[in-house]
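Work through these short exercises with the structure open beside you. Try each task before you read its solution.

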Amino acid sequence: MILLPQQTWQAVVTQLQSAKKVMIVSHQSPDADTIGSQLALFDALQNMGIAVRMCNSDHVPRICRYLPCSAQIEVGKSPDVSDIDTMIAVDAGAKSRLGFDAAFFEGKTLINIDHHASNPLYADINVVNADYCATGAMIFDLIQHLGQALTKNSAVALYAAILTDTASFQVERVSADVHRMVAILIEAGAEPAVAAHHIYDSQPLARVSLLTLTLQTLTTAHAGRSVWLHVNQDMLDKTGVALEDTEGFIDFGRSIDGVEVVIFIRPDQDKRWKVSFRGKHGRDVAALAAQLGGGGHRYAAGCAVSGTLEEVYAQLHAVVDDTFS
Ligand SMILES: [Mn+2]
């Protein structure tokens, strides 16, 4: 079954059929969609006899370390890529999201496979389609267009990608066909209980301590229609939790009745802050994020902002207040 038959993959297939050495890269602060897509495509290209490597600018997050071959992902901002002819970016909504400098891509054919509507088509070959619920679902289609079988390794990786990017099959883009695709992944060896254990049911106790502190920062505005929460460096130091483990905290804000926009702020590098947005009830948070130089999906987006935490709140309020006026 091809999930979206109207999507053409010919340019990608042609490039990969003549590729000799391929590098697959994920976005910075990788999530399970980018890592799962990377691993499944790695598996398919290996089975085609292509020499393929994976390298990311950030390390593999805890919830993805159970995925087969995840230990083979190289980590670093300047790996030796002198012999690489083709690079594939998966789930990266902008070239800057890859975290490598421009020299990394020089002289290579870059392929951009992504489902963020705000993607500016930054590569030589772009397959960008926001109708896909996850980049993992795109790789599901691509593997078939490459004439490859769905192996257990790729099914396990794609299941993790789709499970997490659909918030456990809760978002609008989850169609009957998405469930049919998931049925095929399970038949090929994906195990939902194993995935749930690693992704949702094995968090460190310290993460719950940090969540407790984070929920104490929760405030509301706009008559309860916006919810705000943050993590600061002090809270991370106190609990010893890695920044990546704040993934999912924003969902507690979204779960509140009557909320339309959730804003979650956490530290980023170089005195910057990473801001995530979640939307509900028709609120387009991608448009909000775009006003601050970011992007994303209608109901899940993000941007980076500089300043003190107070200044960041003020900058964000200026934009968010506007949408409620
Ligand atoms: Mn994604």
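The model is predicted.

**Exercise 1.** Give the strand order of the open sheet of six strands, and find the strands at its edges.

*Solution.* Start with the order: β7-β8-β9-β10-β12-β11. The pairing is mixed. Now go to the ends. β7 (219-221) and β11 (295-296) each have a single partner strand, so one side of each has no neighbour in the sheet.

**Exercise 2.** How does β11 join strand β12, and which helix packs on the sheet?

*Solution.* Take the strands first. β11 and β12 (residues 300-306) run antiparallel, joined by two bridges. Find G295: it stands opposite G302 in β12. Next, the helix. Helix α11 (residues 309-324) packs on the sheet and touches β8 (226-230), β9 (261-267), β10 (272-279) and β12. The direction of α11 makes about 155° with that of β9.

**Exercise 3.** Describe how helix α3 and helix α4 cross, and which residues make the contact.

*Solution.* Two packed helices are described by the angle and the distance between their axes. For α3 (residues 135-145) and α4 (residues 152-165), the axes come within 7 Å and cross at roughly 145°. From α3, the contact uses T135, G136, A137, I139, F140 and I143. From α4, it uses S154, L158, A161, I162 and D165. Sort them by class: seven nonpolar, three polar and one charged.

**Exercise 4.** Where do the two domains lie along the chain, and how many residues does each give to their contact?

*Solution.* Domain 1 covers 10-200 and domain 2 covers 206-324. Their C-alpha centres lie 26 Å apart. The contact takes 10 residues from domain 1 and nine from domain 2. On the domain 1 side, four are nonpolar, four polar and two charged.

Terms used:
Residues numbered from 1 in each chain as written. Predicted model: local features only at pLDDT ≥ 70, side-chain atom pairs only at ≥ 80, totals over all residues. Domains from an automatic or database assignment. Contact = placed C-beta atoms within 7 Å. Nonpolar A, V, L, I, M, F, W, Y, C, P; charged D, E, K, R; others polar. Axes fitted to C-alpha atoms, helices over the stretch in contact; angles between N-to-C directions. Helix = DSSP H or I, 4+ residues; strand = E, 2+ residues; numbered from the N terminus. Pairing = 2+ DSSP bridges.
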